[in-house]
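Student: I've got a fold open on my screen and I'd like to talk it through. Can we start with the sheets and work towards the side chains?

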Amino acid sequence: MDLSCFPRRRYTPYATPLEPLPHLSAALAASCPGGRGPELWVKRDDMLGLFPGGNKTRKLEFLVADALAQGADTLITCGAPQSNHCRITLAAALKEGLKCRFVIEERVPDSYDPHGSGNHFMFRLMGVEALTVVPAGTDMAAAMTKVADELKAAGRKGYVIPGGGSNALGGLGYVACAQELQQQCFEQGLRFDRVVVGSGSSGTHGGLVAGFLGNNIRIPLTGIGVSRDPDQQAPLVLKEAQAVVDLLGLGFTVPAEAVQCVGGFWQPKYSVPNAAMVEAVQLAARSEGLLLDPVYTGKVMAGLIGLARRGEIGANERVLFVHTGGLPALHAYERVVLGDAA
Ligand SMILES: Cc1ncc(COP(=O)(O)O)c(C=O)c1O
């Protein structure tokens with residue numbers, strides 16, 4: 001598969017490391033059936049560029065290249081009040097000498113705090129040009145088009161990036177990740193029995209599905225939902241994977257079986273903490289010094305742990321957890337993850 005015909009900016013001048021997690025594996029095994037659990041590894045996509053980067057960095061390499069090719073002077077995107085995607089998009093804009101505007105969706109009522117910490121603090125520190133807050137359920141595409149129209153009326157040119165950077169072009173970032181992983185496994189003589197990744201706006205999961213199929217990587221991929229159960233999430237991922245396959249001109253239909261989604265670990269609501277997330281964040285931090293975030297990777301690791309304890313991830317498996325970043329949001333939930341919140 002050849003990605004070289006797509007314009008790409010480079011924000012990470014290296015492959016993100018694959019690291020074994022022996023202490024976390026041992027801690028998990030102690031609570032698994034028969035005292036045996038899977039061998040855990042991590043792909044450190046939290047070490048991507050536009051530091052502290054994450055999965056959005058890979059998508060933005062293709063999206064920003066397209067914005068520049070179209071002569072845009074402003075990136076427009078959307079997300080939740082603690083959006084990693086918005087923060088990384090702003091960092092990319094600054095690096096490219098562009099302006100950046102956000103539409104922020106208050107998915108949890110009253111969750112927007114103009115003086116909030118974490119990512120929100122970084123929006124202000126890095127100087128987002130404008131930020132519009134809209135209520136949950138707003139048509140975000142229409143809200144971003146409105147911002148683009150305002151810019152146009154002022155003689156400027158906006159480039160709209162969908163939520164999470166999840167369209168066909170953004171998904172190419174995780175096709176590139178699949179290729180990077182394949183090369184690393186080859187060079188390091190590694191073989192994984194499963195890859196576990198978070199599944200939200202679906203560009204990461206869908207891009208990996210397309211990249212695995214297109215590169216003949218036969219490792220089962222488990223997507224753990226951060227905001228939806230499989231009945232709603234799987235169709236989104238399938239659609240994204242197919243869009244990526246079509247953009248690449250691969251000429252096949254993505255089989256529904258290639259999309260494996262797991263639910264039940266994100267409740268009570270997107271971004272709202274639960275006890276399993278707190279346990280997972282603490283376990284990773286205290287066993288390996290590995291920092292997970294409360295909204296995405298903490299819930300995804302809680303899913304991995306839960307599946308291992310239920311025996312749905314076997315004790316004989318070597319499992320790769322894709323760490324998709326999100327570190328700044330941890331600071332907005334300090335008391336929660338320490339376990340001393342009211
Ligand atoms: C840290 C982190 N992990 C995972 C995800 C989910 O990725 P996707 O939206 O591509 O499904 C996000 C999305 O914002 C994220 O910020």
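Student: Which strand order does the open sheet of 6 strands have?
Tutor: Keep in mind that this is a predicted model. The sheet is open and its pairing is mixed. Reading across its 6 strands, the order is 1-2-10-7-8-9.

Student: And which are the edge strands there?
Tutor: Take the two ends of the order 1-2-10-7-8-9. An edge strand pairs on one side only. From one strand to the next, the twist averages 30 degrees. The edge strands are strand 9 and strand 1 (18–20).

Student: What is the bridge partner of Val-196 in strand 10?
Tutor: Look at where strand 7 meets strand 10: the two run parallel and 3 bridges join them. Within strand 10, the residue bridged to Val-196 is Phe-321.

Student: What about the open sheet of 4 strands: which of them stand at the edges?
Tutor: The order in this sheet is 5-4-3-6, with parallel pairing. Two strands have a single partner strand each, so one side of each is left without a neighbour in the sheet. On average, neighbouring strands here are turned by 20 degrees against each other, direction ignored. The edge strands are strand 5 (130–135) and strand 6 (158–160).

Student: How many bridges join strand 3 to strand 4?
Tutor: Strand 3 covers residues 74–79 and runs parallel to strand 4. One spot to find on screen is Leu-75, which stands opposite Cys-100 in strand 4. The number of bridges joining strand 3 to strand 4 is 6.

Student: On the strand 5 side, what is the bridge partner of Glu-105?
Tutor: Strand 4 and strand 5 pair in the parallel sense, over 6 bridges. Follow Glu-105 across to strand 5 and you land on its bridge partner, Val-134.

Student: How many residues of strand 4 are buried?
Tutor: Strand 4 pairs with strand 5 and is also joined to strand 3. It is mostly covered, and out of its 8 residues the buried ones number 7.

Student: In the largest nonpolar core, which residues touch the most other members?
Tutor: This core has 58 residues. Several elements each supply at least two of them, including helix 2 (55–69), helix 3 (84–95), strand 4 and strand 10 (318–323). The largest share, 9 residues, comes from helix 6. The two members that touch the most others are Leu-75 and Phe-212.

Student: On to the rings. Why is the pair of Phe-102 and Phe-123 edge-to-face?
Tutor: The model has 3 aromatic pairs in total. For Phe-102 and Phe-123, the ring centres are 4.8 Å apart and the planes stand at 65 degrees. Planes over 60 degrees apart count as edge-to-face, so 65 degrees makes this pair edge-to-face.

Student: Where do those two sit, and are they buried or exposed?
Tutor: Phe-102 is in strand 4 (residues 99–106) and Phe-123 in helix 4 (residues 118–126). The pair links distant parts of the chain, 21 residues apart. As for burial, both Phe-102 and Phe-123 are buried.

Student: What does the pair of Tyr-270 and Tyr-296 tie together?
Tutor: Their ring centres are 5.9 Å apart with planes at 65 degrees, so this pair is edge-to-face. Tyr-270 lies in the loop between strand 9 (260–262) and helix 9 (275–288), while Tyr-296 lies in the loop between helix 9 and helix 10 (297–309). The pair therefore ties together parts that are 26 residues apart in sequence.

Student: Is Tyr-296 buried or partly exposed?
Tutor: Tyr-270 is buried, with a relative accessible area of 12%. The cut-off for buried is under 20%. Tyr-296 has a relative accessible area of 26%, so it counts as partly exposed.

Student: Which residue lies over the face of Tyr-270?
Tutor: Look 4.6 Å from the ring centre of Tyr-270. The residue lying over that face is Arg-107.

Student: Last one: how far is Gly-207 from Tyr-174 in space?
Tutor: Gly-207 is in helix 7 and is buried, at 0% relative accessibility. Among the residues that Gly-207 touches are Gly-171, Tyr-174 and Glu-240. Gly-207 and Tyr-174 are 33 residues apart in sequence, yet their C-alpha to C-alpha distance is 4.6 Å.

Notes. Residues are numbered from 1 along each chain as its sequence is written. This is a predicted model: local features need pLDDT of at least 70, side-chain atom pairs count only at pLDDT 80 or more; totals for chains, interfaces and linings use all residues. Side-chain values use heavy atoms; hydrogens and water are left out. Rings of Phe, Tyr and Trp (its six-membered ring) pair if their centres lie within 6.5 Å; planes under 30 degrees apart count as stacked, over 60 as edge-to-face and the rest as tilted. Buried means under 20% relative accessible area, exposed over 50%, partly exposed in between (1.4 Å probe, protein chains only). A charge sits over a ring if NZ of Lys or CZ of Arg is within 6 Å of the ring centre and within 35 degrees of the ring normal. Two strands pair if DSSP finds at least two bridges between them. Axes are lines fitted to C-alpha atoms, for helices over the stretch in contact, and angles run from 0 to 180 degrees between N-to-C directions. A nonpolar core is a set of buried Ala, Val, Leu, Ile, Met, Phe, Trp, Tyr and Cys residues joined through side-chain atoms within 4.5 Å. Contact means heavy atoms within 4.5 Å. Lists of a residue's contacts leave out its neighbours within four places in sequence.
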